[in-house]
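Got the viewer open? Here is a short tour, one selection after another. Keep the sequence beside it as you go.

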Amino acid sequence: MTEAMRELQIPFLASVLLLACTAKLTIRENDSGGALHHRRPFVYGVASAEGTIGVALLVTPTGLVRLACVVFFATATWITGDLARRGTDEGCGCFGGLSSAPAGRRGLARAGLRTVGA
């Protein structure tokens with residue numbers, strides 16, 4: 001059972017990263033205030049990091065890539081936790097316009113589980 005989980009770990013994490021990258025680059029938020037326009041370069045940077053780590057996980061077994069994946073998911077967990085703690089109506093944006101719901105405990109738990117999985 002645990003061996004099967006280990007075999008699925010890398011493809012799962014890579015698919016999450018690649019889907020998040022694709023969602024950030026293709027699905028736009030409805031933002032009439034223009035705040036998204038100022039964040040766009042950052043969103044492109046995060047999306048490119050997700051895509052790079054996702055592809056690297058699939059093509060190389062290097063421990064450095066695994067470490068980058070852990071750091072990336074730990075950072076996402078920290079940001080989601082901060083948003084949930086502050087209680088803002090802002091979504092984490094992990095999947096671009098698809099994740100516009102306010103960050104909460106469920107999102108924090110999902111991000112934490114992905115960090116542990118990485």
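Are K24 and E50 buried or exposed? Show both side chains before reading on. K24 is buried, and E50 is buried too. Keep in mind that this is a predicted model, so the tour will also point out where the predictor's confidence drops.

**Stop 1: the whole chain**

Start in cartoon view. You should find 4 helices and 0 strands, which gives the order α-α-α-α when you read from the N terminus. The chain has 118 residues, and 33% of them are buried. Switch on the surface and you are looking at about 7600 Å² of accessible area, with 66% of that belonging to carbon and sulfur atoms. If you like contact maps, take the contacts between residues at least 6 apart in sequence: 62% of these join residues at least 24 apart.

**Stop 2: colour by confidence**

Now colour by pLDDT. The chain average is 77, and 75% of the residues score at least 70. Among the elements, α3 has the highest mean, 85, while helix α4 (residues 105-117) has the lowest, 76. Then select residues 32-37. Here pLDDT stays under 50, and the model has 2 contacts beyond four places in sequence for this stretch.

**Stop 3: back to the salt bridges**

The structure holds 2 salt bridges. You already have one of them on screen: the side chains of K24 and E50 meet at 2.9 Å, N to O. This pair links distant parts of the chain, with K24 in helix α1 and E50 in helix α2, 26 residues apart.

For another salt bridge, select D82 and R85, whose side chains meet at 2.6 Å, N to O. Both residues lie in helix α3, 3 residues apart, which is about one turn of the helix. How much of each is open to the outside? D82 has a relative accessible area of 25%, so it counts as partly exposed. R85 is exposed because its relative accessible area is 65%, and the cut-off for exposed is over 50%.

**Stop 4: A20 on helix α1**

Select A20, which sits in helix α1. Its relative accessibility is 4%, so A20 counts as buried, the cut-off being under 20%. Draw a distance from its C-alpha to that of A47: you should get 7.3 Å, although the two residues are 27 apart along the chain.

**Stop 5: the nonpolar core**

Which residues touch the most other members of the largest nonpolar core? Select L13, L17, I53, L57, C69 and F73: of the 14 residues in this core, these are the ones. Colour by helix and you will see that α1 (2-26), α2 (35-59) and α3 (63-86) each supply at least two of the core residues. The largest share comes from α1, with 5 residues.

Zoom in on I53. Leaving aside neighbours within four places in sequence, I53 is in contact with L17, V65, A68, C69 and F72.

**Stop 6: a nonpolar patch outside**

Go back to surface view and select V55, L58 and V59. Together they make a nonpolar surface patch of about 290 Å². Click on L58, which has its place in helix α2. At 51% relative accessible area, L58 is exposed, because the cut-off is over 50%.

**Stop 7: where α3 meets α4**

Which residues does T77 touch, not counting those up to four places away in sequence? Select T77 in helix α3 and show what surrounds it: the contacts are L108, A111, G112 and T115. With a relative accessible area of 17%, T77 is buried, since the cut-off is under 20%.

Finish by crossing over to L108, in helix α4. Seen from this side, L108 touches T77, T80 and G81, again not counting residues up to four places away in sequence. L108 is partly exposed, at 31% relative accessible area. For one last distance, pick the C-alpha atoms of L108 and I79: they are 9.0 Å apart in space and 29 residues apart in sequence. While you are here, recall that helix α4 has the lowest mean pLDDT among the elements.

How values were computed:
Residues are numbered from 1 along each chain as its sequence is written. This is a predicted model: local features need pLDDT of at least 70, side-chain atom pairs count only at pLDDT 80 or more; totals for chains, interfaces and linings use all residues. Side-chain values use heavy atoms; hydrogens and water are left out. A nonpolar core is a set of buried Ala, Val, Leu, Ile, Met, Phe, Trp, Tyr and Cys residues joined through side-chain atoms within 4.5 Å. Buried means under 20% relative accessible area, exposed over 50%, partly exposed in between (1.4 Å probe, protein chains only). Contact means heavy atoms within 4.5 Å. pLDDT is the predictor's confidence in each residue, from 0 to 100. Patches are made of residues with over 30% relative accessible area and no salt bridge: like charges are joined within 9 Å, nonpolar side chains (Val, Leu, Ile, Met, Phe, Trp, Tyr) within 5 Å. Accessible areas come from the Shrake-Rupley method with a 1.4 Å probe; for residues, only the protein chains shown count as cover. A salt bridge is a side-chain nitrogen of Lys or Arg within 4 Å of a carboxyl oxygen of Asp or Glu.
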